[in-house]
Amino acid sequence: MPAQIAASMTGSIPIHIAEDQANGHRKQHKHSRSSYSESSPLAGSRNNSLTFRPPKRLMSSPSKTIAIINASGRQAASLIRVATAVGYRVRAQLRNLEGVVAAEVSANPNVTVFVGELYTRHEPTEANKDVTQNGPISGVGVNHELISSLFRGAQLAFVNTTFYGDELQIGMALADAAKKAGVQHYVYSSMPDHAAYNKEWPSLPLWAAKHKVEDYVRKLGLPATFVYTGIYNNNFTSLLYPLFCMEVQKDGSFIWQAPFHEDVKLPWLDAEHDVGPAVVQIFKDGVSKWNGERIALAYEYLTPREACELFSRGVGRPVHYVRGPIELKVRIPTGYREQLVALEKLFKPDEADPEKQPPYFGDPKLEASCPAEALELWEGPRGLEEYAREMFPLEEEANGLTWMFDEDEHDAKIQATAAHVEQLRINDDDEEESDDEDDGLVMRGLKRDEEQWLA
């Protein structure tokens, strides 16, 4: 069985690599649990559907290796869990080893871990001063050495680029390296540039870069498939994060406020549970079926009202939808703030006509494929009601919240929530952004420090 050892490469970015057992001893990490939920008092009484749901297809043991970036994100971590369970080997890039998800990935004996940023930093020059236009994090270069090492010996790749560094430059470099390494099937997690479908629709900054990367991958001629993920069930939190805040009320109910029209359907996905099985099936079907295709990974197609009804049934409390502007009650990275401003312009909370709301995926044809095409790949998804019943209380507890335990003490719950997010509140007296662009938006809880949100 492979073991964990520490190693380094030439250059300034440290690399942590898992090698064969003959090469060293397993490195022990202080986080040894496979998930943050195992220690929860709620876990014993809840059905983990990923554990108990039987596989829907017979799967032979594969002998291929998958290169994966952003391995602590929900999409990538889901794929790593499923792929390694059925026999794939993984070469995974992690920004750092902080947090329970990174610890889980790095402790997996079938994973070779590379720790380091995909971007590099140095003093801007005339030659490189303009290379950070496609990302809010001020990386000024691409870590080609790390990227090349990641793809070495990999036949498959799953790439979900993020805004750390210049997303377009990094996305292009990843595609170039994959082609040079002879990757046989490249699955890229893309999103639309709405302006490409209708000039009257604004581009969403964090999505438009992905659209450009997708275009580059197509022009490069890589054998590739492009998955478009729906709204994560996992985005909901009672922390006062914008857009998907389920704000706890004094009577114990929840309110979700967002700009989406209450009667227009949106695509939904449990990223943690359902990305992995779907992408594994894409790899098994191969490029003969999926080369060049866009796939909508969404297992439910629900209006905000319908979503709240399902969430209410799952969590056992009233959940009300309020259509309105996106409220910023905590400090967020500059780049994400720009994304929210554009999203509010795109979905226009004051537009009464539901027919005028743009499709979430930009392309009406892609939207129309929800959820049938995703169900071709994976027939056992975890829906929003199931997520709200089984996982939402566990995730809330992992973030230090206690409303699920103190149903009769509403004031105490509100105070606990407010105290936990106080450190994130916008300080109106401080106009400096300081380090918030570097930090990104992360869940900071008792058991889940540094987990990237929305990734």
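A polar contact is taken here as a pair of N or O atoms within 3.5 Å; within protein, one must be able to donate a hydrogen and the other to accept it, and residues adjacent in sequence count only if both atoms are side-chain atoms. The model is predicted, so local features need pLDDT of at least 70 and side-chain atom pairs count only at pLDDT 80 or more, while totals for chains, interfaces and linings use all residues. Residues are numbered from 1 along each chain as its sequence is written, and side-chain values use heavy atoms, with hydrogens and water left out.

A good place to start is E117. The side chain of E117 makes such a polar contact with the side chain of R95, at 2.8 Å. E117 counts as buried because its relative accessibility is 17%, where buried means under 20% relative accessible area, exposed over 50% and partly exposed in between (1.4 Å probe, protein chains only). Across the chain, buried residues make up 56% of the 455 residues.

Contacts (heavy atoms within 4.5 Å) can also be sorted by separation in sequence. Among those between residues at least 6 apart, 75% join residues at least 24 apart.
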